[in-house]
Amino acid sequence: MKRIILLGPQGCGKGTQAKFISEKYEIPHISTGDIFRYNIKNKTELGVEALKYINDGNLVPDDLTNRIVEDRLKQEDCVNGFILDGFPRTIPQADALREMTDIDYVVLIEIPDEDVIFRLEGRRMCSGENCKDLIYNINTSPKPQNEGVCDRCGRGLYQRDDDKVEAIRKRLQEYHEKTSPLIDYYGDKVISIDGTKDIEEVTKDIFDKLD
Ligand code: AP5
């Protein structure tokens, strides 16, 4: 059973690595950020509510976030495990998760704040519905082959609204105040990974630990 939490500051590579972990162990990648962005794009009730917080870099309230995760974990594809990316992010969320399920691994990907800003300013996403798993970076890697264009579908790339410097600083502040206490909360379960290495090396280090 692989019930995994990915922990670490914004831009440490949680989304990037979740894709590889999901493929290797055949378990779903559950990103609360992706769920919120999907709902914002489709202007659902949840999306309208989440938008009040996300673009300024604030956290969405715990009770709303907890309900979404609880519903998602009940789905059939989670029976052999899952990767939680971006949840829990506060102690009350971790308490709520404890009521929902056990956790086998907490993978902490560590990078310094200056790397966070450099990476997030360079991050570009594809607007295509089938390319949600693709994450590009014009400052680091992977760079798109043609500037501003998705390698897979040819659509234009865009920058997330919360990847502007002011929102990044706010998100980092939220991480240090509310999320980093989870490292002590999970104690011995935490596997620390050096997230400053190349993407492939980080993947290898994570697989070595999870295998
Ligand atoms: P979310 O989407 O979860 O954003 P985040 O945690 O801020 O994480 P990021 O997506 O910014 O970073 P990442 O670690 O996934 O990095 P990535 O792999 O893309 O949340 C967004 C918002 O939703 C929150 O701010 C909040 O408002 C709300 N929210 C979500 N969950 C919530 C919760 N539980 N409670 C309350 N609110 C919640 O990599 C970053 C870039 O670096 C990419 O361009 C990538 O290509 C590049 N890169 C990755 N690895 C490397 C490497 N090793 N070397 C060089 N470049 C690399």
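Q: What counts as a helix here, and in which helix is asparagine 39 found?
A: Helices are DSSP runs of H or I with at least four residues, numbered from the N terminus. In this predicted model, asparagine 39 belongs to helix α2, which covers residues 32-41.

Q: How many helices and strands does the protein have?
A: There are nine helices and eight strands in the protein.

Q: Is asparagine 39 buried or exposed, and which residues does asparagine 39 touch?
A: A residue is called buried when its relative accessible area is under 20%. Asparagine 39 has a relative accessible area of 11%, so it is buried. Leaving aside residues up to four places away in sequence, asparagine 39 touches Thr44, Leu46 and Gly47.

Q: Why does the radius of gyration agree with that of a compact globule?
A: The radius of gyration is judged against the value for a compact globule with as many residues. For 211 residues that value would be near 17 Å, and the protein has 16 Å, which is why the two agree. The C-alpha trace spans about 45 × 40 × 35 Å along the principal axes of the protein.

Q: What do burial and contacts add to this picture of the protein?
A: Burial is given as a share of residues: 46% of the 211 residues count as buried. Contacts are sorted by separation in sequence. Among those between residues at least 6 apart, 70% join residues at least 24 apart.

Q: What does the protein expose, and where do its charges lie on average?
A: About 11000 Å² is exposed by the protein, with carbon and sulfur atoms supplying 45% of that area. For the charges, one compares mean positions: those of the 31 positive and 41 negative charges are 3 Å apart.

Q: How many disulfides does the structure hold, and where is the nearest cysteine sulfur to cysteine 126?
A: The criterion for a disulfide is a pair of cysteine sulfur atoms within 2.5 Å. The structure holds zero disulfides. For cysteine 126, the nearest cysteine sulfur is that of cysteine 153, at 3.6 Å. With 6% relative accessibility, cysteine 126 counts as buried.

Q: What is the case for cysteine 131?
A: Cysteine 131 is likewise in no disulfide, and the sulfur of cysteine 153 is the nearest cysteine sulfur, 3.8 Å away. Cysteine 131 is buried, its relative accessible area being 2%.

Q: Which phi values and peptide bonds deserve attention in a backbone?
A: Most residues other than glycine have a negative phi, and most peptide bonds are trans. Exceptions therefore merit inspection one by one.

Q: Where do cis peptide bonds occur in this structure?
A: One cis bond joins phenylalanine 87 to proline 88, with omega about -5°. Proline 88 is in the loop between β3 (81-85) and α5 (91-100). Another cis bond joins serine 141 to proline 142, and its omega is also about -5°. Proline 142 sits in the loop between β6 (135-137) and β7 (157-158).

Q: Where is glutamate 26 found, and what is its phi?
A: Glutamate 26 is in the loop between α1 (14-25) and β2 (29-31). Its phi is positive, about 55°, although glutamate 26 is not a glycine. At 70% relative accessibility, glutamate 26 counts as exposed.

Q: What is the phi of lysine 43, and is lysine 43 buried or exposed?
A: Lysine 43 has a positive phi near 50°, again in a residue other than glycine. Lysine 43 lies in the loop between α2 and α3 (45-54). With a relative accessible area of 71%, lysine 43 is exposed.

Technical notes
Residues numbered from 1 in each chain as written. Predicted model: local features only at pLDDT ≥ 70, side-chain atom pairs only at ≥ 80, totals over all residues. Heavy atoms only, no water. Helix = DSSP H or I, 4+ residues; strand = E, 2+ residues; numbered from the N terminus. Rg over C-alpha atoms; globule rule 2.2 N^0.38 Å. Buried < 20%, exposed > 50% of the residue type's maximum accessible area, 1.4 Å probe, protein only. Contact = heavy atoms within 4.5 Å. Areas by Shrake-Rupley, 256 points an atom, 1.4 Å probe, with all protein chains shown as cover. Lys, Arg positive; Asp, Glu negative; His and termini not counted. Charge placed at Lys NZ, Arg CZ, Asp CG, Glu CD.
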